[in-house]
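Here is a friendly walk through one chain and its ligand. Have the viewer ready and follow along, section by section.

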Amino acid sequence: ARRTTTGGGGATDELLSGLLVRGGFDRGSCLSRFESAQYFKYSPYTPPSAYLLRKLRAYEARHKKCAPGTPLYAKSVERLRSGSGSGPGAGTEYCNYLVWLPYNGLGNRMLSLISTFLYALLSDRVLLVHVPADFADLFCEPFPDATWVLPPDFPVANLSDLGRSPEQSYRNLVANKKIAANATAVPPWVFLNLCHEKDVDELFYCGADQLVLAKVKWLLVFSDKYFVPSLYSMGEFRGEIHRLFPAVESVSHLLSRYLFHPTNSVWGLVTRYYNSYLAQANRRIGVQIRIFDFARISADDMYTQILACSRQEHILPEIEAAGNLTTTNNNTTAGSGTVQHDTTAILIASLYADYYEMLKLRYYEHAAKGGVRVSVFQPTHAKVQVTGQRGHNQKALSEIYLLSFSEELLTSGTSTFGYMSASLAGMRPTMLYSARQRRVPEPPCVRMVTMEPCQHRPVSMECQANAVTKEDLARHVMTCEDEGLGIKLF
Ligand code: GDP
């Protein structure tokens, strides 16, 4: 794919060639919306297709018309409260909604939110977000003159505790014959479990069931995964996704840049760190090290893998043998600060401090080849994964953004945290393979052929067999490099 840079910085194209609109926003209340273009190094697939821009503007108009606080929202909520589903009186004067319920880590949440928003575009719905305390103060409102936050008096109680398979889940409604393909009346709301694990509402991915769901005014989406490749595999959506994204590799990149704008509190973390530690370098390399329990290896082995990968893909600066001092062409006087050097900043994101310590020592004890000055930084090392705490989520979000401001990315396979940083960066990262049988993988890593995230464990549905031909799919859907059971768009 074409990779272009924003060139002269954000001032010229802070709205990403029309992806974002200016009207309807107060600049000071969400600085990142207007400033982030200055920090991103690449903006491939910009300008976006005119069709995507039209679709987004139409979405924004619909959202404004139907958002909380509007008479249409009040009317729809009243219908829900009174238990009325479809049927007489539920015509086009009502809006149709998707309520997204957060689940799992931040990377997972962002990927499922992108997928749910794409589904809202495809099904003419309005996306509202349930924001429990740990998810508050992370993202600005993305749509002009309206909120996407679901008000606390929403009539379905205990949204955070519905579980995976409540009575109102689509599979239970079908099993209990409370909803049927040919029925004219449907329940007022339906819960959809689109997660990785059990009790998944697999029928969601069938065309016939989409026709039934289209009649339901309120769909509650519980998901922690990127399900765009499965949407693409459906006959009813494939053509439209192509029109919106002529290069299907750009879905998560463009939608993440459209939807996610860190709040000023998070943006403060991001910009303070970037400007203090990263801005001065000529080149930034983001390294994200995630160690899953199923792939645990020692810190020494992981370090060996990072270096092997770096050698294979030429990522980190190589070093001189111990004791060798490099001479550069620059005649420099210590401390004079007048000579421009080649400088590389390595930014590490990890729950652990080991790789930071090891890499820092590497460039302290050895000169980097070519006289490059190498600095190594890591904003936090929380040691344990904490999900469900606002402070942690804010730091995690800040680090996803800091990674996405790199010229080069080395991320960990299978990690949605890493997927998100590459999508935002608009860059195909190099990805470390997860260890199997506690051994350093060989080869250690692979350069991705697409910046799209992997959909882990997609359902394979009989109903899809005829929807899209195999040849058609093979052209744009591939097995993930880092997950044998996953699929991704390319
Ligand atoms: P995944 O588990 O790697 O797919 O990524 P998720 O973001 O879904 O979940 C991991 C969670 O652990 C994150 O949301 C963070 O709270 C935390 N975490 C993992 N790696 C890092 C890291 O490098 N930095 C920070 N600040 N938090 C991390």
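## An enclosed helix

In this predicted model, the buried residues of H9 are Val251, Ser252, His253, Leu254, Leu255, Ser256 and Arg257. That makes 7 of the 9 residues of helix H9 (residues 251-259), so the helix is largely enclosed by the rest of the structure.

What lies over those buried positions? The cover includes helix H2 (50-66), H4, helix H7 (228-232), H14 and strand S12 (487-489). Two of these names, H4 and H14, come back in the next section, as both give residues to the shell around the ligand.

## Around the ligand

The ligand is surrounded by 21 residues, and the closest are Gly105, Leu106, Gly107, Ser415 and Thr416. Four elements supply two or more residues each to this shell: helix H4 (106-122), strand S6 (343-350), helix H13 (390-404) and helix H14 (416-425). Which of them gives the most? Helix H13 does, with 4 residues.

By residue type, the shell contains 11 polar residues, 7 nonpolar ones and 3 charged ones.

## Ile400 in helix H13

Helix H13 is also where you will find Ile400. Is Ile400 buried or exposed? Ile400 has 30 C-beta neighbours inside 10 Å, and therefore counts as buried. Leaving aside residues up to four places away in sequence, Ile400 touches Phe417, Met420, Ser421 and Leu424.

These partners can be read with helix geometry in mind. An α-helix has 3.6 residues a turn, so residues three or four places apart point the same way. For a longer view across the model, pick Ile400 and Leu121: they are 279 residues apart in sequence, and their C-alpha atoms are 25 Å apart in space.

## Two parallel strand pairs

Strands S6 and S7 run parallel and are joined by 5 bridges. In this pairing, Ala345 stands opposite Ser375 of S7. Strand S7 (residues 373-377) has two unlike faces: Val374 and Val376 are on the covered one, while Arg373, Ser375 and Phe377 are on the uncovered one.

The other pair to look at is strand S1 (residues 97-101) with S2, parallel once more, over 4 bridges. Here Leu98 stands opposite Leu127 of S2. In strand S2 (residues 126-129), Val126 and Leu128 point one way and Leu127 and Val129 the other way, yet all are buried.

## Backbone details in the loops

Two cis peptide bonds are worth a stop. One runs from Thr46 to Pro47, with omega near 5°, and Pro47 lies in the loop between helix H1 (31-35) and H2. Another runs from Glu442 to Pro443, with omega near 0°; Pro443 sits in the loop between strand S9 (430-432) and strand S10 (445-447).

Positive phi values also turn up outside glycine. Lys177 has a phi of about 55° and is found in the loop between helix H5 (170-175) and strand S3 (189-193). With 8 C-beta neighbours inside 10 Å, Lys177 counts as exposed. Asp199 has a phi near 60°, and its place is in the loop between S3 and helix H6 (207-213). Asp199 is partly exposed, with 15 other C-beta atoms within 10 Å.

## The chain as a whole

Stepping back, the chain has 15 helices and 12 strands. Its radius of gyration is 24 Å, close to the 23 Å that the globule rule gives for 490 residues, so the chain is as compact as a globular protein of that length. Along the principal axes, the C-alpha atoms fill a box of roughly 85 × 50 × 40 Å.

Buried residues make up 43% of the 490 residues. Among contacts with a separation of 6 or more, 77% are between residues 24 or more positions apart.

## How far to trust it

The average pLDDT of the chain is 92, and 92% of the residues score at least 70. Residues 1-11 have a pLDDT below 50, and this stretch has 20 contacts in the model beyond near neighbours in sequence. Where pLDDT is low, the predicted coordinates should not be read in detail. The model scores are ipTM 0.99 and pTM 0.94.

Technical notes. Residues are numbered from 1 along each chain as its sequence is written. This is a predicted model: local features need pLDDT of at least 70, side-chain atom pairs count only at pLDDT 80 or more; totals for chains, interfaces and linings use all residues. A residue is near a molecule or strand if its C-beta atom, placed from the backbone, lies within 6 Å of it. Ala, Val, Leu, Ile, Met, Phe, Trp, Tyr, Cys and Pro count as nonpolar, Asp, Glu, Lys and Arg as charged, and the others, Gly among them, as polar. The radius of gyration is taken over C-alpha atoms; the globule rule is 2.2 Å times the number of residues to the power 0.38. A residue is buried if 20 or more other C-beta atoms lie within 10 Å of its own, exposed if 12 or fewer, and partly exposed in between; C-beta atoms are placed from the backbone. Two residues are in contact if their C-beta atoms, placed from the backbone, lie within 7 Å. pLDDT is the predictor's confidence in each residue, from 0 to 100. Two strands pair if DSSP finds at least two bridges between them.
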